[in-house]
Amino acid sequence: MACISVLQGTPTWLTFIAADVGTGSPRTGITFSQVDVSYKKSSQATFSVKTLLVTDFRENGSGVYEILFSAAELDTIGSFLYVVNN
């Protein structure tokens with residue numbers, strides 16, 4: 001598991017990789033409306049749902065995507081876990 005540092009309270013683009021479950025091949029052409037994103041801050045007991053806008057989502061190619069998390073979503077010191085489902 002990889003761990004990155006993010007500056008507290010600063011909007012940040014976080015990366016995920018989309019791959020086909022059967023073949024492991026990169027999944028390209030996914031749009032913001034095709035994914036569900038949830039996140040959990042260090043102090044939360046449960047996950048929160050992130051509502052994505054077109055400006056919060058971008059494809060970098062070869063199945064690599066980025067999601068913009070807001071300053072409010074990243075305002076807590078400690079762990080931050082996000083889950084992307086397609």
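**A hairpin, its sheets, a core and a pocket**

Modeller: Let's start at the hairpin: E4 and E5 form it with two residues between them, and Ser-62 in the turn has a positive phi of about 55°. Keep in mind that this is a predicted model, where local features need pLDDT of at least 70, side-chain atom pairs count only at pLDDT 80 or more, and totals for chains, interfaces and linings use all residues. Residues are numbered from 1 along each chain as its sequence is written, while side-chain values use heavy atoms, with hydrogens and water left out.

Biologist: What makes E4 and E5 a pair?

Modeller: Strands here are DSSP runs of E, at least two residues long, numbered from the N terminus. Two of them pair if DSSP finds at least two bridges between them. Four bridges join E4 to E5 (residues 64–69), so the pair qualifies. They run antiparallel. Arg-58 has Glu-66 in E5 as its bridge partner, and Gly-61 stands opposite Val-64 in E5.

Biologist: Back to that turn. Why is Ser-62 called exposed?

Modeller: The cut-offs are under 20% relative accessible area for buried, over 50% for exposed, and partly exposed in between (1.4 Å probe, protein chains only). Ser-62 comes out at 58% relative accessibility, so it counts as exposed. Its phi is worth a look too, being positive although Ser-62 is not a glycine.

Biologist: And Gly-63, buried or exposed?

Modeller: Gly-63 also sits in the loop between E4 and E5, but it has 0% relative accessibility, so it counts as buried. Across the fold, its C-alpha atom is separated by 8.3 Å from that of Ser-25, 38 residues apart along the chain.

Biologist: Which sheet do E4 and E5 belong to?

Modeller: An open sheet of three strands, in the order E1-E5-E4, with antiparallel pairing. E1 and E4 (57–61) are the edge strands, since each pairs on one side only. From one strand to the next, the twist averages 30° (axes are lines fitted to C-alpha atoms, and angles run from 0 to 180 degrees between N-to-C directions).

Biologist: How do you know that E1 pairs with E5?

Modeller: Six bridges join E1 to E5, so the requirement for pairing is met. Leu-14, for instance, has Ile-67 in E5 as its bridge partner. Along E1 the side chains alternate: Thr-12, Leu-14 and Phe-16 point to one face and are buried, while Trp-13, Thr-15 and Ile-17 point to the other and are not.

Biologist: What makes a nonpolar core here?

Modeller: Buried Ala, Val, Leu, Ile, Met, Phe, Trp, Tyr and Cys residues joined through side-chain atoms within 4.5 Å. The largest such core has 13 residues, and those with the most contacts inside it are Phe-57, Ile-67 and Phe-69. E1, E2 (36–41) and E5 each supply at least two residues of this core, and E5 gives the most, with three.

Biologist: Where does E2 sit?

Modeller: In another open sheet, where three strands follow the order E3-E2-E6 with antiparallel pairing. Its edge strands are E3 (48–50) and E6. E2 and E6 are joined over six bridges, so they too count as paired. Lys-41 stands opposite Phe-80 in E6.

Biologist: Why is the space lined by Phe-80 called a pocket?

Modeller: On a 1 Å grid over the protein atoms alone, a cavity is a set of points where a 1.4 Å probe fits but cannot get out, whereas a pocket is an open set with protein on both sides within 12 Å along at least five of seven lines. This one is open in that sense, so it is a pocket and not a cavity. Its lining has 22 residues, of which Cys-3, Ile-4, Phe-80, Leu-81 and Tyr-82 lie nearest its centre; a lining residue has an atom within 4 Å of a point. E6 gives the most to this lining, with five residues. The space amounts to about 600 Å³, filled by probe spheres set on the points.
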